[in-house]
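Let's take a walk through this protein together, moving from the overall fold to a few helix pairs and single residues. Have your viewer ready and follow along.

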Amino acid sequence: MALVDHGDRAFLELVFKFIEDKNSTNDVDFTQPHVRRSLRYVYPLFMFLHALVGLFGLCGNLAIIIVIGKRRLYRDQTFLFLGNIAFSDILKCIFVLPVSLANLLIHNWIFGSFMCFFLPMLQCFPIHSSMLTYLMIAIDRYRLIVNPFRSRLPAGLCIIGVWVVSVCLVLPYAVYIKYIDLGAILGYRFLGVGICYINQERHIEEYIRAMFVTLYAMPLAIMGFLCLKVSAELKSLDSTSISIHFETNSNNVTCTSRLTLDDDETSRVESEDSTQRHTVRSEHACSEDDLDLPTEKRTHRYIISMVTLFAICWCPLNILILVQFFVYESGNNTGHFDITYITFTWFGFLSTCVNPVLFASWKMSETTKDKLRGYFKFGRKRKTKQVRK
């Protein structure tokens with residue numbers, strides 16, 4: 001996402017000063033990290049905020065994977081996909097967030113040549129994998145609800161494909177990056193220190209625009225269309241479905257089957273005797289594969305919420321990356337750009353905290369929810385009593 005070519009003018013000034021007059025910069029250790037000049041007063045706040053998000057996101061997504069495994073929810077493709085998103089968020093919290101924060105706070109590049117080329121790929125492919133996994137969920141649920149006679153997507157193969165595609169799409173980043181080893185040029189004072197920058201001659205803005213359209217705008221548009229179709233189908237099924245209960249002759253077990261009727265058939269069935277035979281269009285037999293409409297509607301609402309909040313969290317940073325090559329950065333606006341960039345990055349990583357909250361609300365039992373409601377009500381009552389006293 002962020003490369004060190006923006007906001008590193010202070011470091012370059014020190015390097016040029018060292019070249020002009022070595023005696024004037026003897027007190028500067030170039031091998032140690034130096035906080036950007038624009039962030040030297042606020043970097044503790046950003047470190048605390050990023051640590052808070054990383055810790056909560058890590059614990060929350062680990063809890064999602066544990067719940068999916070313990071309750072065997074992975075037998076449903078939707079939850080297997082959500083487990084993959086949780087795994088991607090764990091990678092973001094453990095690896096991407098700390099390295100990105102260090103890159104944004106430190107203006108001298110001390111991470112070596114390998115990280116110079118690998119950092120953009122490390123930052124991007126977990127985010128792309130999450131977006132593509134959401135797309136797989138939307139397609140799978142469209143096939144389940146709108147085309148129930150078609151088999152569902154093979155979740156395991158789709159997850160492998162998502163990671164392979166995500167890695168392949170970020171590999172071209174290496175073509176646009178250049179690294180200069182200052183230790184080989186200026187001596188021992190710069191051992192391990194380099195300059196990592198984007199080669200503007202290769203027109204990386206075209207690649208950035210293509211990635212934005214392919215891995216952000218287009219998937220969101222497709223998911224929006226599929227979610228609208230699924231919502232319309234669920235509404236239609238809810239309004240034109242009746243449940244018929246009957247008992248089997250062999251073991252006297254009550255079974256429920258959902259029969260979808262045309263509008264004129266619905267009125268005719270309601271007016272006639274229940275034992276009379278009717279011509280109906282049966283979508284499912286009475287089996288374990290029958291759609292549970294309340295459950296499916298609830299699942300659909302939570303999936304829409306997860307996708308929407310994920311898109312909102314990463315939208316500001318994606319827009320900033322898209323337009324940064326058209327904004328001239330000078331000494332007057334470097335500080336504003338640095339603060340804006342690190343703020344939008346933190347806002348993007350908030351997406352790792354969204355899913356655990358929504359998942360807990362989704363799978364939490366009503367008893368637990370009632371206890372939590374009672375606790376908060378009790379807390380409000382206690383505060384009210386204290387105010388009255």
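Helices (H or I, at least four residues) and strands (E, at least two) are DSSP runs, numbered from the N terminus. What you see is a predicted model, in which local features need pLDDT of at least 70, side-chain atom pairs count only at pLDDT 80 or more, and totals for chains, interfaces and linings use all residues. Residues are numbered from 1 along each chain as its sequence is written, and side-chain values use heavy atoms, with hydrogens and water left out.

Let's begin with the whole chain. Its secondary structure comes to twelve helices and four strands. Of the 389 residues in the protein chain, 43% are buried, where buried means under 20% relative accessible area, exposed means over 50%, and partly exposed lies in between (1.4 Å probe, protein chains only). Contact means heavy atoms within 4.5 Å. Among contacts between residues at least 6 apart in sequence, 75% join residues at least 24 apart.

Now find the loop between α3 (77-105) and α4, where I106 has its place. I106 counts as buried because its relative accessible area is 13%. Leaving aside residues up to four places away in sequence, I106 touches P33, H34, R36 and F111. The C-alpha atoms of I106 and R37 are separated by 9.2 Å, although these residues are 69 apart along the chain. Another loop to visit is the one between α2 and α3, which holds R72. R72 is not a glycine, yet it has a positive phi of about 55 degrees.

Next, let's look at how helices pack. Axes here are lines fitted to C-alpha atoms, for helices over the stretch in contact, and angles run from 0 to 180 degrees between N-to-C directions. Helix α4 (residues 112-145) and helix α5 (residues 155-170) have axes that come within 8 Å and cross at roughly 140 degrees. The two helices, α4 and α5, are therefore oblique to each other; angles under 35 degrees count as roughly parallel, over 145 as roughly antiparallel, 65 to 115 as roughly perpendicular and the rest as oblique. α4 passes α5 in a right-handed crossing. A crossing is left-handed if the near helix is turned anticlockwise from the far one by less than a right angle, and right-handed if clockwise.

Which residues of α4 and α5 meet? From α4 come M121, C124, F125, P126, H128, S129, L132, T133 and M136, and they meet C158, V162, W163, V165, S166, V167 and V170 in α5. The residues of this contact divide into twelve nonpolar, four polar and no charged. For these classes, Ala, Val, Leu, Ile, Met, Phe, Trp, Tyr, Cys and Pro count as nonpolar, Asp, Glu, Lys and Arg as charged, and the others, Gly among them, as polar.

S129 of helix α4 deserves a pause. S129 counts as buried because its relative accessibility is 0%. Its contacts, not counting residues up to four places away in sequence, are S88, V162, W163 and S166. From S129 to V162 the C-alpha distance is 5.8 Å, with their positions 33 residues apart in sequence.

Move on to helix α10 (residues 334-349), starting with its meeting with helix α2 (residues 43-70): the axes come within 10 Å and cross at roughly 15 degrees. α2 and α10 are therefore roughly parallel to each other, and their crossing is left-handed. F46, L49, H50 and V53 of α2 make the contact with I339, I342, T343, W346 and F349 of α10. Sorted by class, these residues are seven nonpolar, two polar and no charged.

The axes of α9 and α10 come within 7 Å and cross at roughly 150 degrees. α9 and α10 are therefore roughly antiparallel to each other, again with a left-handed crossing. On the α9 side the contact is made by I312, C313, W314, P316, L317, L320 and I321, and on the α10 side by F337, T340, Y341, F344, T345, F347, G348 and F349. Twelve nonpolar, three polar and no charged residues make up this contact.

Also in helix α9 (residues 293-323) is N318. N318 is buried, with a relative accessible area of 18%, and it touches F212 and Y216, not counting residues up to four places away in sequence.

Finally, turn to the strands. Two strands pair if DSSP finds at least two bridges between them. Strand β1 (residues 177-181) and β2 run antiparallel and are joined by five bridges. I177 has I198 of β2 as its bridge partner. Strand β2 (residues 194-198) is mostly covered, with four of its five residues buried.
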